[in-house]
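Q: I am new to this structure and would be grateful for a close look at one part of it, together with an account of its surroundings.

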Amino acid sequence: MLNLQNPLTSLSRLRRRWLIARSRIFDRKWYQAEYPESGVAELDPIMHYLLGGADRGYRPHLLFDPAWYMKARGQRQRDPNPLIDYINYGAREGIDPSPYFATAFYRKAAGGTGGLTPLGHFAAYGLPRGLAPTPLFDRAWYLQNNPDVRRAGFDPFLHFVASGDKEGRSPAPLFDSAWYRMKNADARDVGMEPLHHYLAIGAREGRDPSRCFDTEFYVAAHSGQGVARETALAFYAERGRDGWHSTHPVLPPPASPSAYFEELPWQKSIPTPGAIEAPFRLLIVDIGEAGKKTAGLRQLLTMLLTLPGLDIYSVTDAATESVPGVAILDLSRPDLALVDRSVVLERILRALKFRDPKGLVCEVACAALPLARTCADIGLPYHSLMQGRPLAAADWAELLAHRAAYRPSRPMTTTVIVPNYNHARYLDERFASILEQRLGPDEIIFLDDGSSDGSLEIARAWQARSPMPFAIAANATNSGSPFKQWAKGIESAAGDLVWIAESDDSSCPRFLERMAATFTDPDIAVAYCDSEVIGTDGEILSSTYRFYTDSLSETKWLAGYVETGPREIAEALAIKNTIPNVSAVLFRRDALNESLSAAEGLRYCGDWAIYVACLRKGKIAFCPRALNKHRRPPGSLTLEGERDAQAVREAIAIKLSIFAGAPCDARVVWLSLAQTVFEYEIRSKPRGRPAFTKNKELADCVEKLRCFLGEHGPQFPEDTNEIAAYLRGVATQAASLRATDHPNFVNSVLHELKTIAVRG
């Protein structure tokens with residue numbers, strides 16, 4: 001308890017109390033609720049704070065952090081009470097009262113503070129007006145992506161500071177809390193909130209705030225503007241988003257209006273509004289000096305429109321008469337006049353690379369930057385039209401076929417299969433996301449597996465208003481296997497392509513449009529995209545699944561790719577299931593139908609077995625944009641794959657079938673086994689299960705592995721550095737492991753691998 005013996009008549013004390021009250025900072029109700037055990041109720045809260053609360057480090061307001069403030073003030077602190085020092089001195093000097101309050105930003109946003117300190121003005125006026133005191137928080141985005149906060153009616157900013165940051169919720173697209181926590185084990189170890197850790201430690205050390213923001217890349221690109229590691233994200237938030245800045249060599253800039261190629265301010269006159277994007281992209285660049293345009297641009301664009309399956313875009317620097325069917329971006333527009341044209345064009349090229357790595361860039365003229373070299377640096381196909389004879393349509397078709405894999409093909413039909421069991425609460429969102437597809441499916445098949453929650457009634461209501469054929473098949477009792485339901489739906493499917501859209505997931509309107517385009521290549525068997533991970537109520541848990549795949553490669557899933565089946569199996573699926581959610585996948589029906597037998601008898605890993613079987617029949621295509629939303633319960637984010645003994649048995653069976661089907665090098669075999677043992681051990685740790693090689697339920701699996709290694713497999717390597725490095729990368733994902741625990745855990749997995757390698 002505080003010592004309250006002295007009479008409260010000191011003029012100095014009363015004056016200090018008046019100063020605090022007048023500042024509008026002190027939050028009496030919050031203070032009393034925050035420190036109920038300290039006798040606050042027995043005394044005026046401000047006097048309680050003056051008499052002892054400040055000495056104990058108590059906060060007078062949620063947004064005043066004494067430790068943060070005193071560290072920022074350092075030796076300059078003139079009053080022992082941090083709040084008094086802030087009111088009298090610190091606020092005028094621009095010292096931030098907490099990591100969540102950017103004083104300079106707030107002064108601009110509020111248009112002045114009227115004689116109050118910035119924090120006092122925010123508490124009195126800014127908060128009721130819905131202002132955020134930091135460029136790193138987006139109120140509308142936070143409410144949209146945290147439905148529970150929206151329903152509860154909490155102020156989003158106060159919710160984030162009070163509990164959201166602790167829970168790993170992101171404040172805005174600029175900062176990915178889940179990703180940051182996953183990448184920075186020390187932030188988890190000290191128990192510091194992700195954004196707090198970034199602002200206190202990470203930014204100064206050049207750590208990245210999200211997967212889309214490469215700090216070193218951004219600082220190097222804008223070093224002439226005085227951008228440093230510590231200020232890079234704030235600089236981008238305030239000026240870079242609207243300045244067309246790129247923030248990563250490959251990925252789109254977060255929350256920028258210029259992030260994605262199709263969302264750039266194209267002016268497009270299309271005969272049929274809402275037309276679906278064609279599979280192939282051609283970008284014509286005509287940026288001359290002093291507005292002098294190369295003659296014949298309009299004729300060129302008109303001629304190119306005769307080629308089927310081609311989307312044509314043109315970047316110019318002078319007003320150009322619209323060409324129906326061509327998207328034009330005029331750099332002379334008033335809203336772009338003050339933006340550096342080289343920056344704009346570089347952003348367009350990077351957006352095209354992310355959208356379509358095979359999109360061809362053709363230069364008519366370009367005074368803004370060396371286009372050929374820039375395309376080479378970014379990795380885009382380039383062709384110069386500045387010299388040589390004009391090309392006829394047939395010549396263009398040949399050029400596009402050679403440089404961009406152009407090949408006109410017939411439209412393909414799509415069947416959507418929606419397997420469901422007791423997901424009534426999510427069905428409205430699921431069906432809406434299917435019917436909102438820009439490229440609509442040709443039929444929907446809803447498979448109910450004995451639900452008891454009213455799912456059938458909801459499905460019938462959607463069936464009644466569906467513009468396309470909508471079939472319903474219901475089991476009286478649960479089949480016990482999702483893969484049996486898949487087979488049932490595929491047996492009835494008529495489409496060339498099949499989308500298994502799980503009933504608790506959702507999707508972006510461009511999913512089918514983007515995925516179906518890849519099947520112009522007749523060898524593609526499977527196409528899939530990245531996914532956002534959402535929680536039970538739709539809150540974003542992660543903006544990507546790269547937290548799971550990065551341990552294999554931090555570059556493979558940055559950009560779109562097409563790969564042969566055997567190589568994809570050897571480089572990815574042999575080690576772990578790198579396609580974590582079937583809702584993100586579009587299958588060629590024939591390949592899928594022929595691969596269903598691979599899942600027979602499997603309860604957990606049938607999807608993985610089917611992917612492998614499909615890729616033995618064709619190629620795989622990947623889209624790096626998260627066009628799918630995979631719903632998972634909070635807390636299940638850190639690991640995928642093997643869950644219990646049966647799932648481990650299934651995973652080992654799949655891996656042995658992969659090793660038997662095609663030779664895998666020693667590196668792949670041992671990384672694959674390391675992944676399996678690691679996932680088993682990390683899940684066994686809290687349950688007290690025996691080690692992998694000592695679990696009697698897995699004894700036959702261990703023996704099968706030993707037989708394989710003895711007959712076909714490589715010996716356990718003497719140099720385990722590569723395996724250990726891989727395991728350390730996987731360990732980073734495990735929220736249950738402290739960074740200090742990583743060495744012992746990695747060594748324990750290596751010990752199990754050595755034990756497997758020794759025949760008993």
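Which residue in E16 is the bridge partner of Glu532, and how is E16 placed among the other elements described for this model?

A: The bridge partner of Glu532 in E16 is Lys629. The model considered here is a predicted one.

Glu532 lies in strand E12, which spans residues 524-534. E12 and E16 pair in the parallel sense, and 10 bridges connect them. In general terms, the strands of a sheet pair through backbone hydrogen bonds, in either a parallel or an antiparallel manner.

Lys629 has a further bridge partner, since Ser506 is also paired with Lys629 of E16. Strand E11 comprises residues 506-507, and its pairing with E16 is antiparallel, over two bridges. Strand E14, residues 561-563, likewise runs antiparallel to E16 and is joined to it by three bridges. Within E14, Val562 stands opposite Ala621 of E16. Strand E16 itself covers residues 619-631, and 11 of its 13 residues are buried, which leaves the strand mostly covered.

Further along the chain, two helices form a pair. Helix H28 (residues 645-661) packs against helix H29 (residues 666-684) at an angle of about 175°, and their axes are 11 Å apart. H28 is therefore roughly antiparallel to H29. On the side of H28, the contact is formed by Val648, Ile652, Lys655 and Phe659, while H29 contributes Val669, Ser672, Gln675, Thr676 and Tyr680. Sorted by class, this contact of H28 with H29 consists of five nonpolar, three polar and one charged residues.

The largest nonpolar core has 79 residues, of which Phe587, Leu592, Phe678, Phe692, Ile723 and Leu753 touch the most other members. H29 supplies the largest share of this core, 10 residues. Leaving aside residues up to four places away in sequence, Ile723 touches Trp670, Leu671, Ala674, Phe716, Pro717, Leu750 and Leu753. Another core lies apart from this one; it has 55 residues, among them Tyr31, Ile95, Phe122 and Leu233.

A separate topic is the open sheet of six strands, which has mixed pairing and the order E1-E4-E3-E2-E5-E6. Its edge strands are E1 (267-268) and E6 (382-384), each of which pairs on one side only. Inside this order, strand E3 (residues 310-316) and strand E4 (residues 326-330) run parallel and are joined by five bridges. Ser314 has Ile328 of E4 as its bridge partner. Helix H16 (residues 297-304) lies across E2 (280-287), E3, E4 and E5 (360-366), and runs at about 175° to E2. Helix H19 (residues 393-404) also packs on the sheet, where it touches E2, E3, E5 and E6, and its direction makes about 120° with that of E5.

Finally, helix H13 (residues 194-202) is largely enclosed by the rest of the structure, because seven of its nine residues are buried. These buried residues are Pro194, Leu195, His196, His197, Tyr198, Ala200 and Gly202. Their cover includes helix H4 (66-73), helix H10 (156-164), helix H11 (177-183), helix H12 (185-189) and helix H15 (232-240).

To return to the point of departure, Lys629 of E16 is the bridge partner of Glu532 and also of Ser506.

Definitions and conventions
Residues are numbered from 1 along each chain as its sequence is written. This is a predicted model: local features need pLDDT of at least 70, side-chain atom pairs count only at pLDDT 80 or more; totals for chains, interfaces and linings use all residues. Side-chain values use heavy atoms; hydrogens and water are left out. Axes are lines fitted to C-alpha atoms, for helices over the stretch in contact, and angles run from 0 to 180 degrees between N-to-C directions. Helices (H or I, at least four residues) and strands (E, at least two) are DSSP runs, numbered from the N terminus. Angles under 35 degrees count as roughly parallel, over 145 as roughly antiparallel, 65 to 115 as roughly perpendicular and the rest as oblique. Contact means heavy atoms within 4.5 Å. Ala, Val, Leu, Ile, Met, Phe, Trp, Tyr, Cys and Pro count as nonpolar, Asp, Glu, Lys and Arg as charged, and the others, Gly among them, as polar. Buried means under 20% relative accessible area, exposed over 50%, partly exposed in between (1.4 Å probe, protein chains only). Two strands pair if DSSP finds at least two bridges between them. A nonpolar core is a set of buried Ala, Val, Leu, Ile, Met, Phe, Trp, Tyr and Cys residues joined through side-chain atoms within 4.5 Å.
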